[in-house]
Every structure is written in structure tokens, then in C-alpha cells.
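User: I'd like to learn how to read helix packing and nonpolar cores. Can you walk me through it with the structure below?

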Amino acid sequence: MTESLIHDLLIILSAGLIAALVCRWMQCSVLIGYLVVGAILGQGGLSWISDDAHQLEHFAEAGVFLLLFSIGVEFSLDDLTRLGSKFLLGGVVQMSLVGIPVTATLIAMGLNWQSAVLIASAITFSSTVLVFKALSDWGQSRSTHGRRAIGILLFQDAALIPLLLLVPLLTGVDGAPGVNDYLTLAGISAAFICVIALLRVVLSRWVIPFFAGYRSPELVILFTIVSLGGVTLAAHSVGLPPAVGAFAAGLIFNGNRWTHQIDALVLPFRETFAAVFFIGLGLIFDPRLYWQEPVLIFGSLAGVLLIKTCAAAIALRLTGMSLRHAIGMGLGLAQIGEFAFVLVLLGLQSEVLAEIEYQRVVAVAVGSLILTPPLMKAGLRLIGIGSNTDEAEADSKEFATNNERATIIGAGPIGGRLTSQLETMGKDVCLIDLSPMNLQSFAQAGFHTVVGDASDGQVLKLAGVSDCPLCVVCVPQDDTAVKIVRAIRRVNRSGKLIVRCRYQSSKTRLQRLGVDHIVIEETEATMGLLRALSRFDLTD
């Protein structure tokens, strides 16, 4: 049994690695790759993994817990406050315009109300991961339409918890739950929230300072995992879904000096278990449904995309966006998100959903995710990214009116320190880097980030380099720096340009391209060594 489990895990992780490499090469979502490779390995494909003993479900659940824990750690009440009424208006309207008609349609098709409510609730979710990444890659996460779309996604993230709390109430075999059931759930939930708020204060004031004195990453990660397990187990013991406990554990660690460190330390575990989770979903997903029930599956997929696009467009239009921009972002929010899988999986485990109903939802959700990249690209083109539409001009002017701007190219250790220094000087900093991982912490901290090759004029345009008064290039390769400087000077001839280079021989090339100041590592290292030598008496 153990040997079989290790064998299956090795296949899953190897397949996940291959899928991730292929998705990076094709520049599409890794999440989609996990689902597809899971479907290939499962009963509907090669049948390499069956998991009849359901041992892999424990690893999949661990992936869910770490995903929700990370969302709790990153969840920003400040962001919700800044979005204000638009956050509530857009979120409520979008989820209502999707949930109510989908529930009515499913009941009319013969489903019981419990299953209909759960499936409709799952379908209301869009993919926070895919949408936020696409907006960041296109440099639109801080635009008007980007902020309002993210507001709807944040509302959905917040709505996940009460929806998870309601799942146990849908499992009653004796009919609809009574008033006492709701009052009991409300009381338990309120008490749990109070305990979490108290633990957050205790952690911030006493526990973290105690552990910080040891300066040990091992203690940080062990304490974090123990806390995650403890809060999750506590939630389960009082009758709440364990997923709620995982999210609550994230909230405990949110907003303190450990937040970014914990997120970075947990990231490898989260990504590994998330791969197992999504590949596990693919194992359950049966692609044969697409040709066994083509009318139902493809009809449902088209209906979901249409209703979610319309609902998001109406919600965004009510927040003050123009109709064209609202429809464009509506296309970007048309997919069924990753939290839908969490909700329907809990429904399957709670026997609210039959297995065939679960498989149909997964089939439609996978189809919507596969269509997300072209839909998102079409939506952004409809908005007119790079054109002179009124709202695009307004966003550009809003960013350009701040003369205290700076662009950092290369988000490594040097770029990170420069960003911190420039921020303390009151600069509005934008970072460009090839690696989304390097930019993740900066994006979470509220910096404008763009993923891409800085020698590409389109990437520089998305970052606003064309009218930026200060650009700092701190990439480690001289040839790359020369290409980036050449691209910058094509679009911006007047801005100040500071460049880091490794060798003295590269200085002439950079000067010819119009660099204002060059920091040469070879020269700086020589001066440092000479200063060190001067401190010693070498005559002995």
C-alpha cells in the first residue's frame, strides 16, 4: 500500500514538472497544465493512477489547506477599505447575477435545491490567480479597470468562507435545516472569529517577538505548520469545515513582521501540494464526458461564459466604468475559478453532490480555464490597451502626473534594496523582471510590477518607461544591460539612466548609448579591496 502511494506520488509530481515546463514554454497557466495532465493519467486517459484507496485525497486536502492559508496571509483588509463601496457593489451584483439564474436553471433541470445552490455558488467564482497574473503581465493591475476587477475577485475570496460554512447545512437528510441549525452555526462561527482575532493579537505582540529573537527560519516554518494544523483541527472539532480553519490560520499571520517571510517559506510546500491537488482533480475529471454528453457539456460551457461575462460587465458598469471597458473585463472574469473546485470537492465529500454532477462541473470548469487566455487577451484588446481611449488616457495621466517616478529593471537583491530606498524618498517605483517569483512580494506590497523582457519595447511601454524621469538597470549580465539600455533610449531619450555593469570594458558601450551614470562592479571591488589592504600593516 505504501509502495503504491509513493509510486503514484512520484508519477504525479513528475507529470506536474513536465506540465509546468510545457506551460511555461507555451506561456499559459500552469494550473491548466496540472488539470490536463491529471486527466491524461486518470481513468479517462492512460489509467496509470486509480487511487481506489483514496490515499491521495489526503495530499489533495493538504494542497487546499495551504492554498487557503496563503490566501489568508495575503488577504488585505486595507485593499478592501480603499475599494470602498465599489468593492461591495461590484461583488454583490456579480455573484447575484450569476448565482440566482444558475440556481433556477439547475432546479428546472431536475436537481435538488441543495445541489443547485452549491453548484451555482461554485460557478460564481472567477480565477484570482489567472486574472491577477494576466493584469500584472499587461501592466494593468493598477489601472481603473484592473483595480475594479480585482475588487470583484477580492469579494469572491471573502465570500468563500461563508459559503464553506453553509455546506454542512446542505447535507441534512431529513429535509431543509431548521432555524436552530442556522443559529448554532452562527454562534460557533462568531466564537471562532473572536478566538482568531485574539490569537492574532497574541501572536503579533508576544509570540513573534519571542521566536524572532532566535533568527531561525526552521523555527518559523515549524511554528507556522503547527499553527496551521492546530487551527484547522480546532475548526474541524467544533463542526466547521477544516478549510475555514486553514484560511483563519492565514489571517492570524496576516499583517505583521512575519507575513512576507512566512509566505516565502510556505511557497514551496504550497506549490507542491497544489500540484497534487489540481492533478488529483484531473484524475477524477473524465474527458470522455465531452463526447458522451456534448450537448450538455458544451452547452453548459457556453452558457456559463455568457452569463458570467454579462454579470461581470453589468457589475463593472455599475461601478462607473464605460460599457466597452466593462465588457472587456467581463470577458476576463468569465472563467470558473480555482475556489470552485474547493467548494464542489467539499460538496462531493459531504454527499451534497453526486459523483456525476461533480464530474460535469469539473468538465465545464476545466473548459472555461482552457479558454481563459484567449478570452483575457480579447478583453484587454477590446479595452484598448495601448490605444488612445478616454479611460486609458485617464489612467496614463493619473500615473504620469507624479513626477517622482522611478523604474527598476531587475528585482534581485540589489533591485530590492534600491526599491526600498526609492520608496523612502517618496518615489513611485515600478519593477520589471523576467521572473514572476521575483516580483511576487513587491506586487503584494503594492508596487507596480511588469513581468517580461525589458529589452522589449512593449514591456517598457506597459511599465510607463517612455516618460519615466529615472530608470535604474541592475541586471547581472553586461550584454543584457546593453540591450535594455538601447531599448530604453529608443522610447525615452531625456530620462536619467543609471546602470550597473560588471566589467570596465563595458563602460564605453554604455556611455555611447547615453547612460548618465555607470556603477562598475570591477572598479568598486578594486576600491574595496584597496581600502581593506590599507587597514593592514604589510611591512611585517
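User: How are α6 and α16 oriented to each other, roughly parallel or roughly antiparallel?

Analyst: Start with the angle between the two N-to-C directions; over 145 degrees counts as roughly antiparallel. In this predicted model, the axes of α6 (residues 113-123) and α16 (residues 338-349) cross at roughly 165° and come within 8 Å. So α6 and α16 are roughly antiparallel. The crossing of α6 past α16 is left-handed.

User: Which residues make that contact?

Analyst: From α6 you have L118, S121 and A122, and from α16 there are A340, L343, V344 and G347. Sort the contact by class and you get 5 nonpolar, 2 polar and no charged residues.

User: How do α8 and α16 run, roughly parallel or roughly antiparallel?

Analyst: Same recipe, but now look at the low end of the scale: angles under 35 degrees count as roughly parallel. The axes of α8 (residues 144-166) and α16 cross at roughly 0° and come within 11 Å, so these two helices are roughly parallel. On the α8 side the contact involves D157, L160, L163 and L164, which meet F339, V342, L343 and L346 in α16. By class, that contact has 7 nonpolar, no polar and 1 charged residues.

User: Which residues touch the most other members of the largest nonpolar core?

Analyst: First the general idea: in soluble globular proteins, nonpolar side chains tend to be buried together. Here the largest nonpolar core has 102 residues, and L164, F278 and F341 touch the most other members. Helix α12 (residues 259-284) gives the largest share of this core, with 9 residues. Leaving out residues up to four places away in sequence, L164 touches P241, A243, V244, V342, L343 and L346. Another core, of 27 residues, lies apart from the largest one; among its members are I432, A481, I484 and V485.

User: What about S115, is it buried or exposed?

Analyst: For this one, check the relative accessible area: under 20% means buried. S115 has a value of 0%, so this serine is buried. You'll find S115 in helix α6.

User: Which residues does S115 touch, if I skip those up to four places away in sequence?

Analyst: Sequence distance and distance in space are separate things, so look at both. S115 touches V352, L353 and E357 once those sequence neighbours are set aside. Take the pair S115 and E357: they are 242 residues apart in sequence, yet 8.6 Å apart in space, C-alpha to C-alpha.

Technical notes: Residues numbered from 1 in each chain as written. Predicted model: local features only at pLDDT ≥ 70, side-chain atom pairs only at ≥ 80, totals over all residues. Heavy atoms only, no water. Axes fitted to C-alpha atoms, helices over the stretch in contact; angles between N-to-C directions. Helix = DSSP H or I, 4+ residues; strand = E, 2+ residues; numbered from the N terminus. Parallel < 35°, antiparallel > 145°, perpendicular 65-115°, else oblique. Left-handed = near helix turned anticlockwise from the far one by under 90°. Contact = heavy atoms within 4.5 Å. Nonpolar A, V, L, I, M, F, W, Y, C, P; charged D, E, K, R; others polar. Core = buried A, V, L, I, M, F, W, Y, C linked by side-chain atoms within 4.5 Å. Buried < 20%, exposed > 50% of the residue type's maximum accessible area, 1.4 Å probe, protein only.
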